[in-house]
Amino acid sequence: KKIGISIYSFEDLLNYVKKYKIEILQCPFSIFDRRLIDNSTAHKLKEMNVEIHVRSIFLQGILLNNSINNYFMKWKKFFIRYNNWILRKKINKLQSSIYFILNNNFVDKLVIGVDNFHQVKDLQKILNNYKYIKYPKFLQNNDLKLINPVNWK
């Protein structure tokens, strides 16, 4: 009963929402990819009564991996900084990604893919034990070659 769109790019998003009376937005949002909150986009969408569903919170699994694919070596120092931050906070990568989303109260729904029931149980444990953690700006990256899978080679 609602009209929604799923996007990768935030370019002209607010204009499309107004023009087509979009009621639901599904978009990427993660520790690295914070375009949704840049320029108060999420706030503006909420003022327009748009439901926000986020996906790609693990950046297609990259934020959960323990090794770096050759394509991502360009950002190796960035990943090291992320891993060091997680160690200092005494949380794991899954907790880090989930807690980041839960910290943002404008998120209405979270879309997560799982491979098995064990992963569902792990997610449930993390949701039940949520704790607020402040996420530093240095974990954000605006390089579309990193945060937008369409650009991956």
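Q: Where is the place of Asn92?
A: This is a predicted model, in which local features need pLDDT of at least 70 and side-chain atom pairs count only at pLDDT 80 or more, while totals for chains, interfaces and linings use all residues. Residues are numbered from 1 along each chain as its sequence is written, and side-chain values use heavy atoms, with hydrogens and water left out. Helices (H or I, at least four residues) and strands (E, at least two) are DSSP runs numbered from the N terminus. In these terms, Asn92 lies in the loop between H3 and H4.

Q: Is Asn92 buried, partly exposed or exposed?
A: Buried means under 20% relative accessible area, exposed over 50%, and partly exposed in between (1.4 Å probe, protein chains only). The relative accessibility of Asn92 is 39%, so Asn92 counts as partly exposed.

Q: Which backbone nitrogen does the side chain of Asn92 reach?
A: A polar contact is a pair of N or O atoms within 3.5 Å; within protein, one must be able to donate a hydrogen and the other to accept it, and residues adjacent in sequence count only if both atoms are side-chain atoms. At the start of H4, a side-chain oxygen of Asn92 comes to within 3.0 Å of its partner. That partner is the backbone nitrogen of Leu94.

Q: How many of the residues of H4 are buried?
A: Helix H4 is mostly covered. Its buried residues include Leu94, Ile98, Tyr99 and Phe100. What covers them includes E3, H3, E4 and H5. Of the ten residues of H4, the number buried is nine.

Q: What is the relative accessible area of Ser96?
A: Ser96 is in helix H4. Contact means heavy atoms within 4.5 Å, and, not counting residues up to four places away in sequence, Ser96 touches Ile31, Tyr82, Trp85, Ile86, Ile91 and Tyr135. Ser96 is buried, and its relative accessible area is 0%.

Q: Why do the buried residues of H3 line one face of the helix?
A: The buried residues of H3 are Phe78, Phe79, Tyr82, Trp85 and Ile86. The arc is that of the directions from the helix axis to the C-beta atoms. Lys77, Leu87 and Arg88 are exposed on the other side of H3. The buried residues line one face because, seen down the axis of H3, they fall within an arc of 120°.

Q: What phi does Lys90 take?
A: Lys90 comes just after H3. Its phi is positive, at about 60°.

Q: Which strands stand at the edges of the sheet?
A: Two strands pair if DSSP finds at least two bridges between them. The open sheet of four strands has the order E1-E2-E3-E4, with parallel pairing. Each edge strand has a single partner strand, so one side of each is left without a neighbour in the sheet; these are E1 (4-6) and E4 (109-110).

Q: What is the bridge partner of Pro28 in E3?
A: Strand E2 (residues 24-28) and strand E3 (residues 51-55) pair in the parallel sense over five bridges. In E3, the partner of Pro28 is Arg55.

Q: How many residues has the largest nonpolar core?
A: A nonpolar core is a set of buried Ala, Val, Leu, Ile, Met, Phe, Trp, Tyr and Cys residues joined through side-chain atoms within 4.5 Å. Among those with the most contacts inside the largest core are Leu25, Phe29 and Leu146. Elements that give two or more residues to this core include E2, E3, H3 and H4. The number of residues in the core is 44.
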